[in-house]
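Student: Hey, can we go through this protein together? I'd like to get a feel for it before class.

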Amino acid sequence: MANNLFVLPRLGQTIRQEDSGIYYILNQQTGRVRSLIQLVRENLHWYILQLQPIADGLDYRWSVLSRENDCALKTATDRQIAHYFSKPEYTEPVGAWQVMRNADFGFGKFTPIEAPEDISYAILTFEGDEMKAPVRLHKAPTEWLHENNQQDILQLEIA
């Protein structure tokens, strides 16, 4: 069992309204934006959206990430977080995870113990109770949320 995991959510920063916004996934080889993800809160529920092309390939729309009907994200329990992250590949860095998920996708927030200000984010995919390797997300500047920047976002997304 990995010794990096602190299954005490209070040690890590919780996922809050300030975490909502647009995130991007970088292609590690080219350094270009590969995909855009948006974390949104509507009323009491959180959702993960992905920018996807519409059939004609010329327009894009935000689509909810879910293969099932349970689109809303639910907070993972301490036991679930321990199950996902107590594996040898997560021994470093030491820190605490916060996770919200639906049946197939999730959003993770990692707070390192040594440098709590260096928070990182990940998109998670699941097959049943098993989690695949997290994919690192980078928070986009807040101006990406404004509609007049939509064209710039679309140009970045296509990589």
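Tutor: Sure, starting with a term we'll need: helices and strands are DSSP runs, of at least four residues for a helix and at least two for a strand, and they are numbered from the N terminus. Also keep in mind that this is a predicted model.

Student: Okay. How many helices and strands does the protein have?

Tutor: There are 2 helices and 10 strands. Reading from the N terminus, the order is β-β-β-β-β-α-β-β-β-β-β-α.

Student: And how much of the protein is buried?

Tutor: Of its 159 residues, 45% are buried. As for how the chain comes together, take the contacts between residues at least 6 apart in sequence: 55% of them join residues at least 24 apart.

Student: What's in the largest nonpolar core?

Tutor: That core has 15 residues, and the ones with the most contacts inside it are Tyr23, Ile37, Leu39, Ile48, Phe107, Ile123 and Leu137. Strands S1 (21-26), S2 (33-42), S3 (45-53), S7 (105-112) and S8 each give two or more residues to this core. Another core lies apart from it, with 12 residues, including Ala76, Tyr84, Trp97 and Leu124.

Student: Why would nonpolar side chains end up together like that?

Tutor: It's a common pattern: in soluble globular proteins, nonpolar side chains tend to be buried together.

Student: Let's pick one core residue. What does Leu39 touch, leaving aside neighbours within four places in sequence?

Tutor: Quite a list: Ile15, Asp19, Ser20, Gly21, Tyr23, Trp46, Tyr47, Ile48, Leu73, Met100 and Phe107.

Student: Wait, Asp19 is on there. Is Asp19 buried or exposed?

Tutor: Asp19 has a relative accessible area of 4%, so it counts as buried, since the cut-off is under 20%. Asp19 sits in the segment before S1.

Student: What does the side chain of Asp19 make a polar contact with?

Tutor: With the side chain of Tyr121, at 2.7 Å. Beyond four places in sequence, Asp19 is in contact with Thr14, Leu39, Lys109, Tyr121 and Lys139.

Student: Which backbone atom does the side chain of Thr111 reach?

Tutor: The backbone nitrogen of Gln13, at 3.0 Å. Thr111 is in strand S7, and it counts as buried because its relative accessibility is 2%.

Student: Now something outside the strands. Where does Asp118 lie?

Tutor: Asp118 is in the loop between S7 and S8. With a relative accessible area of 47%, Asp118 is partly exposed. Leaving aside neighbours within four places in sequence, Asp118 is in contact with Phe110 and Pro112.

Student: New topic: pockets. How much space lies in the largest pocket?

Tutor: About 260 Å³. It is lined by 13 residues, and the closest to its centre are Tyr90, Pro93, Trp97, Phe110 and Ser120.

Student: What kinds of residues line the largest pocket?

Tutor: By class, there are 8 nonpolar, 2 polar and 3 charged residues in the lining. Strands S8 (120-127) and S10 (135-139) each supply at least two of the lining residues, and S8 gives the most, with 3.

Student: You mentioned Pro93. What kind of peptide bond joins Glu92 and Pro93?

Tutor: A cis peptide bond, with omega at about -10 degrees. Pro93 is found in the loop between H1 and strand S6 (95-101).

Student: What about the backbone at Asn43?

Tutor: Asn43 has a positive phi of about 55 degrees, although it is not a glycine. Asn43 is placed in the loop between S2 and S3 and is exposed, with a relative accessible area of 68%.

Student: Two last ones. Where is Ala72, and what does it touch?

Tutor: Ala72 is in the loop between strands S4 (60-64) and S5 (74-75). Not counting residues up to four places away in sequence, Ala72 touches His45, Trp46, Tyr47, Arg101 and Asn102. At 15% relative accessibility, Ala72 counts as buried.

Student: And how far apart are the C-alpha atoms of Gln80 and Asp129?

Tutor: They are separated by 8.4 Å, though the two residues are 49 apart along the chain. Gln80 lies in helix H1 (residues 78-85), and with a relative accessible area of 31% it is partly exposed.

Terms used
Residues numbered from 1 in each chain as written. Predicted model: local features only at pLDDT ≥ 70, side-chain atom pairs only at ≥ 80, totals over all residues. Heavy atoms only, no water. 1 Å grid on protein atoms, 1.4 Å probe; cavity = no way out; pocket = protein on both sides within 12 Å on 5 of 7 lines; lining within 4 Å. Points joined across faces, edges and corners; volume = space filled by probe spheres on them. Nonpolar A, V, L, I, M, F, W, Y, C, P; charged D, E, K, R; others polar. Core = buried A, V, L, I, M, F, W, Y, C linked by side-chain atoms within 4.5 Å. Buried < 20%, exposed > 50% of the residue type's maximum accessible area, 1.4 Å probe, protein only. Contact = heavy atoms within 4.5 Å. Polar contact = N/O pair within 3.5 Å; in protein donor to acceptor, adjacent residues only side chain to side chain.
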